[in-house]
Amino acid sequence: MRIEIEQPEQAELEEAGVFSWPVWEHEEDKIEWYYDKTEHCYIIEGNATVVSEFDSITIKPGDYLIFPAGLECVWDIQSRIRKHYTVE
């Protein structure tokens, strides 16, 4: 159960409708999170390290991530995160 990370082209994001998805934001913090559904998100602003039993990834603006359903992780947010997101 791994986190997928990509850096898609602007045209791919527009075609997928990413910029019309809701925006979630959170200030610097360390938060535990559980994904009960698969989430796709696009990082607009900020930096964080997301740690699960399978991964430790650093995310930044421009990253597109897929968090699988059932994933437990910790978000260590170094600077305010803003992301577009959708769940399946």
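## Close-up views of a predicted model

**View 1. Two elements feed a negative surface patch.** Strand S1 (4–6) and helix H1 (10–16) each supply at least two residues of the negative patch. The model is predicted. Glu4, Glu6, Glu9, Glu12 and Glu15 gather here, on the surface. Glu15 lies in helix H1. Its relative accessible area is 73%, so Glu15 is exposed.

**View 2. The whole chain, for orientation.** One helix and seven strands make up the protein. Read from the N terminus, the order of elements is β-α-β-β-β-β-β-β. The C-alpha atoms fill a box of roughly 35 × 25 × 20 Å along the principal axes. The radius of gyration is 12 Å, which agrees with the value near 12 Å for a compact globule of 88 residues. Of the 88 residues, 40% count as buried. Seven salt bridges turn up in a search of the whole structure.

**View 3. Arg2 and Asp55 form a salt bridge.** The N to O distance between these side chains is 3.0 Å. The pair links distant parts of the chain, 53 residues apart. Arg2 sits in the segment before S1, and Asp55 in the loop between strand S4 (39–51) and strand S5 (56–59). The partners differ in exposure. Arg2 counts as exposed because its relative accessibility is 51%, where the cut-off for exposed is over 50%. Asp55 has 10% relative accessibility and therefore counts as buried.

**View 4. Glu25 and Arg80 join strands S2 and S7 through a salt bridge.** The side chains meet at 2.4 Å, N to O. Glu25 belongs to strand S2 (residues 23–26) and Arg80 to strand S7 (residues 72–87). These two residues are 55 apart along the chain. Glu25 is partly exposed, with a relative accessible area of 41%. Arg80 is also partly exposed, at 27% relative accessibility.

**View 5. Arg82 pairs with Glu45 in a salt bridge.** The closest N and O atoms are 4.0 Å apart. A salt bridge is counted within 4 Å. Arg82 lies in strand S7 and Glu45 in strand S4, with their positions 37 residues apart in the numbering. Both are partly exposed: Arg82 has a relative accessible area of 23%, and Glu45 has 29%.

**View 6. Four charged side chains make a network.** Which residues are linked in a network of salt bridges? They are Glu25, Glu45, Arg80 and Arg82. Side chains of opposite charge can pair when their charged atoms come close. Within this network, Glu25 meets Arg80, and Arg82 meets Glu45.

How values were computed
Residues numbered from 1 in each chain as written. Predicted model: local features only at pLDDT ≥ 70, side-chain atom pairs only at ≥ 80, totals over all residues. Heavy atoms only, no water. Patch = residues over 30% accessible without salt bridge, like charges linked within 9 Å, V, L, I, M, F, W, Y side chains within 5 Å. Areas by Shrake-Rupley, 256 points an atom, 1.4 Å probe, with all protein chains shown as cover. Lys, Arg positive; Asp, Glu negative; His and termini not counted. Charge placed at Lys NZ, Arg CZ, Asp CG, Glu CD. Helix = DSSP H or I, 4+ residues; strand = E, 2+ residues; numbered from the N terminus. Buried < 20%, exposed > 50% of the residue type's maximum accessible area, 1.4 Å probe, protein only. Rg over C-alpha atoms; globule rule 2.2 N^0.38 Å.
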